[in-house]
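Work through the exercises below with the sequence and the model open. Each task is followed by a solution in steps.

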Amino acid sequence: MLFNGVKVALLLLMLGFAAWYLIDNWPEVSRALRQLSTALAVASIVPAVLAMVCGMFVWRSLLADLGSRLPVLVAARIFFLSQLGKYLPGSVWSIATQIELGRAHKVPRRVSLSVGILGLALVVAVGFPIAAVLLPLGAPDVLGRYWWGMLAVPFVLAALHPAILGPLADLAFKILRRPPLPKRPSGRGITIAAAWQAGVWFFFGLHAWLLLVGFGAPPLRALAVAIGGYSLAYSLGMLAIPVPAGAGVRDIALVAAFSAVVTVDQALLVALVSRVILAAVDVGLAGGQYLVTARKVAPPPADELANTPA
């Protein structure tokens with residue numbers, strides 16, 4: 001009972017921080033919305049939701065590849081609730097929430113931890129190549145400014161190769177004095193997750209594209225800038241390990257990319273409106289999934305949970 005109470009308190013705390021973020025930024029967002037087409041702002045919510053759904057399938061496919069297949073509704077509930085952890089100070093709460101909520105469905109902690117790390121690696125492995133292809137079409141100067149991020153790609157891709165990834169994971173858990181993973185990651189599993197991650201970048205870019213067009217950006221060029229800029233900015237954020245969630249680095253790169261097709265002030269407004277819309281989507285998906293699946297998704301009995309491996 002005490003543990004369940006702690007989980008509920010943590011979820012409420014995450015929800016509170018997300019709500020505070022929305023309220024705190026609303027004055028500037030409302031000013032931006034007066035300059036932006038309301039229809040396009042509302043329409044941008046749809047690809048934002050689809051991007052988060054693709055993100056859930058990245059996580060679920062990696063879990064399945066490591067031997068912990070979850071039903072879609074269960075995976076959605078855990079993943080969308082865990083995304084509220086992004087709004088707590090620090091950068092580990094989303095993965096920590098996935099680990100604890102996953103235990104209720106017999107997902108070993110070491111599997112959830114491995115999936116969390118693999119997911120972060122895929123952000124970089126997929127994001128930078130997409131940026132390298134698209135940004136030269138709309139914002140070549142931005143790619144030239146952040147060329148150093150591309151240096152991480154060969155190392156990340158090499159580490160994700162099953163011939164290296166499996167033994168590396170075994171060694172890491174041996175050092176931590178934990179059993180190896182129940183199932184080593186496969187090339188097919190990593191490829192499927194990477195395809196879902198490409199969907200994440202496409203839909204996030206489409207979300208930003210609608211906002212940019214609302215500020216008068218040329219549609220064709222803005223599409224390359226939006227998808228490439230989002231891929232670049234969030235990949236750079238993953239590399240900025242000392243910065244919580246890579247927020248500062250990510251926002252600077254986003255504004256730099258968007259300002260290739262709109263003014264700097266408008267690029268700042270697009271980045272701000274986008275972040276608030278995404279926060280609202282996070283809250284909506286977490287709340288919606290919790291209400292829809294709270295009764296449908298029942299965890300295993302307590303005696304089974306007690307035997308869940310570490």
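**Exercise 1.** Decide whether Lys106 is buried, partly exposed or exposed, then describe its backbone.

Solution. The model is predicted. Partly exposed covers the range between 20% and 50% relative accessible area. Lys106 has 46% relative accessibility, so it counts as partly exposed. Its place is the loop between helix H5 (93–103) and helix H6 (109–138). Lys106 is not a glycine, yet its phi is positive, about 60°.

**Exercise 2.** Classify Arg177 by its relative accessible area and locate it.

Solution. The cut-off for exposed is over 50%. Arg177 has a relative accessible area of 76% and is therefore exposed. The residue sits in the loop between helix H9 (162–175) and H10. Its phi is also positive, near 60°, in a residue other than glycine.

**Exercise 3.** Which residues make the nonpolar surface patch of about 430 Å², and how accessible is Leu239?

Solution. The patch is made by Trp147, Trp148, Leu151 and Leu239. Leu239 belongs to helix H11 (residues 219–239). With 32% relative accessibility, Leu239 counts as partly exposed.

**Exercise 4.** Compare the span of helix H3 with the expected value, and state how covered H3 is.

Solution. H3 runs over residues 45–65, 21 residues in total. From first C-alpha to last it reaches 30 Å, close to the 30 Å expected at 1.5 Å a residue. H3 is mostly covered, with 16 of its 21 residues buried. Just after H3, Gly67 takes a positive phi of about 95°.

Conventions
Residues are numbered from 1 along each chain as its sequence is written. This is a predicted model: local features need pLDDT of at least 70, side-chain atom pairs count only at pLDDT 80 or more; totals for chains, interfaces and linings use all residues. Side-chain values use heavy atoms; hydrogens and water are left out. Helices (H or I, at least four residues) and strands (E, at least two) are DSSP runs, numbered from the N terminus. The expected span of a helix is 1.5 Å times one less than its number of residues. Buried means under 20% relative accessible area, exposed over 50%, partly exposed in between (1.4 Å probe, protein chains only). Patches are made of residues with over 30% relative accessible area and no salt bridge: like charges are joined within 9 Å, nonpolar side chains (Val, Leu, Ile, Met, Phe, Trp, Tyr) within 5 Å. Accessible areas come from the Shrake-Rupley method with a 1.4 Å probe; for residues, only the protein chains shown count as cover. A salt bridge is a side-chain nitrogen of Lys or Arg within 4 Å of a carboxyl oxygen of Asp or Glu.
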